[in-house]
Amino acid sequence: MTKQSIPAWLKRNTGWGGPYEKLVEAAQLHAKTGDHPQIAFEGTTLEMVTAIYLEHAKKVGAFDGLYCTWRHVADKMVASLKLQPEDVLLIPGLGLGALYDAARRVQPQLRIVSVECQNWLVQVAEAVGIPITKGDFLNGLNLPLQINKVLCNPPMGKLWGFSKVEGEFLERIAERTIVGNRVAVLLPGEPGYWWDKLPNKYAWLRNAYDIKEAELTQNAAAPKSITCTRYLLERV
Ligand SMILES: C[S@@+](CC[C@H](N)C(=O)[O-])C[C@H]1O[C@@H](n2cnc3c(N)ncnc32)[C@H](O)[C@@H]1O
C-alpha cells in the first residue's frame, strides 16, 4: 500500500470532531510494529502522533490546553531535577509524553506516575505502554504512589473555568509534596514575572516554593509558543 504524507493522511481522517479517534487507531497500529502502513513517518509512535497533532493544530489551534513541550526544553527540565533511580516522579498533564520520554532517557527504570484527563491521550499512552492515571488532577485524584519529584508543563491561562489554571496545578502539586521535594515547571512570562503578578488567591504559593533556578525559555511548546520560564522549585 502506498504511504501518505501526514497532511494528506489528515485530510482523509479528520471528521467533525477532529482526527482524535483516528489518531488513537493510528497509535495502536504503529505501536504494534513500529510502523504505520499508510503514514510515511520515521520515529516512535509518540513522535508520529505528535507530528500529526501539530499539523492539525496549525489550522485549529491547541485542543483543551495540549501544548507539546519541545524536546530541548523537556531535556533541560529533566536535567535540573537530577533524577535518581529511587525517585518517584509525578507528571501531571502527560499530554503526548515529551516530558515522560525525556525522563526515561535519563533514568530508564524510574517509577513515574503520569496523570492525564483527555480520553484520547489516555488511549494513546495505553497504546505505547505508559502506565497512566486517568482523571482530573485538580479534583482529588488518588495517585498510586507517594511521589518526591514533579515534572510539569501545565495548561496555562484561562481554562476549565480558572483564570490562571497553572496556579491550580502548583497548588495541587504543593499539597502532594513535602519539604525538600523538587518541581521542574514551565510558567508563563519572563523569569519572576509570574510570581510578581500573582492574584491574592495564589499568594501563599510564594511561601510554598523556593526558586532554585529560573531560565527564560523561548519556543517552549507547540502549536503556539508563548514566552515561558523554566523553573526549578523546592518545596519549603
Ligand atoms: C501544556 S500540555 C503538556 C503536554 C506535554 N508536556 C506534552 O509534551 O505533550 C498540558 C496537558 O495537561 C492536560 N491537563 C489539563 N488539565 C488537566 C487536568 N485537570 N488533569 C489532568 N490533565 C490535565 C492536558 O490535557 C494536556 O495534555
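# A guided tour of the predicted model

Begin by selecting Lys 82, which sits in the loop between helix 4 (71-81) and strand 2. The structure on the screen is a predicted model. Lys 82 is exposed, because only 11 other C-beta atoms lie within 10 Å and a residue counts as exposed at 12 or fewer. Its backbone also deserves attention: phi of Lys 82 is near 45 degrees, a positive value in a residue other than glycine. Most residues other than glycine have a negative phi, and most peptide bonds are trans.

**Strand 2 and strand 3**

Next, select strand 2 (residues 88-92) together with strand 3 (111-116). These two strands are parallel and are paired over five bridges. To see one matched position, display Leu 90, which stands opposite Val 113 in strand 3. Now add helix 5 (residues 98-106): strand 2, this helix and strand 3 form a right-handed β-α-β unit. Is strand 3 mostly covered, or mostly open? Strand 3 is mostly covered, with five of its six residues buried.

**From strand 3 to strand 4**

Keep strand 3 in view and add strand 4 (132-134). Three bridges pair strand 3 with strand 4 in the parallel sense. Within this pairing, Thr 133 in strand 4 is the bridge partner of Val 115. Between the two strands the chain passes through helix 6, and this β-α-β crossover is right-handed.

**Helix 6**

Select helix 6 (residues 119-127). Which of its residues are buried? They are Trp 120, Leu 121, Val 122, Val 124, Ala 125 and Ala 127. An α-helix has 3.6 residues a turn, so residues three or four places apart point the same way. Among the elements that cover the buried residues of helix 6 are helix 2 (20-33), helix 3 (45-60), strand 3 and strand 4. Just after helix 6, find Gly 129, where phi is positive at about 80 degrees.

**Strand 5 and its neighbours**

Move to strand 5 (residues 149-152) and show its side chains. Lys 149 and Leu 151 point one way, Val 150 and Cys 152 point the other way, and all are buried. In a regular strand the side chains alternate between the two faces of the sheet.

Strand 5 pairs with strand 2 in the parallel sense over two bridges. Return to Leu 90: its bridge partner in strand 5 is Val 150. Strand 5 also runs parallel to strand 6 (residues 182-188), to which four bridges join it. In strand 6, Val 183 is the bridge partner of Val 150. The chain crosses from strand 5 to strand 6 through helix 7 (residues 165-176), and this β-α-β crossover is right-handed.

**The loop before helix 7**

Select Trp 160, which lies in the loop between strand 5 and helix 7. Trp 160 has a positive phi of about 50 degrees although it is not a glycine. With 13 C-beta neighbours inside 10 Å, Trp 160 counts as partly exposed. Gly 161 is found in the loop between strand 5 and helix 7 as well. Is Gly 161 buried or exposed? Gly 161 is exposed, because 7 other C-beta atoms lie within 10 Å and the limit for an exposed residue is 12. Draw a distance from the C-alpha atom of Gly 161 to that of Leu 143: the two residues are 18 residues apart along the chain, and 24 Å separate these atoms.

**The nonpolar core**

Now look at the largest nonpolar core, which has 64 residues. Val 49, Ile 91, Leu 99, Ala 103, Val 124 and Leu 151 have the most contacts inside this core. Helix 6 gives the largest share, six residues. The core lies between domain 1 (6-60) and domain 2 (68-235), because both domains give residues to it. Centre the view on Ile 91, which touches residues including Leu 99, Ile 112, Leu 151 and Cys 152.

**The two domains**

Colour domain 1 and domain 2, as given by the domain assignment of the chain. Their centres, taken over C-alpha atoms, are separated by 25 Å. Where they meet, 14 residues of domain 1 are in contact with 11 residues of domain 2. On the side of domain 1 that touches domain 2, helix 2 and helix 3 each supply at least two residues. Helix 3 gives the most to this side, with eight residues. By class, this side has 10 nonpolar, three polar and one charged residues.

**Last stop**

Finally, select Pro 223, in the loop between strand 8 (221-222) and strand 9 (228-235). The peptide bond from Ala 222 to Pro 223 is cis, with omega near 20 degrees.

Key
Residues numbered from 1 in each chain as written. Predicted model: local features only at pLDDT ≥ 70, side-chain atom pairs only at ≥ 80, totals over all residues. Buried ≥ 20, exposed ≤ 12 C-beta atoms within 10 Å, placed from the backbone. Pairing = 2+ DSSP bridges. Right-handed = clockwise from strand over helix to strand, strands pointing away. Core = buried A, V, L, I, M, F, W, Y, C linked by C-beta atoms within 7 Å. Domains from an automatic or database assignment. Contact = placed C-beta atoms within 7 Å. Nonpolar A, V, L, I, M, F, W, Y, C, P; charged D, E, K, R; others polar.
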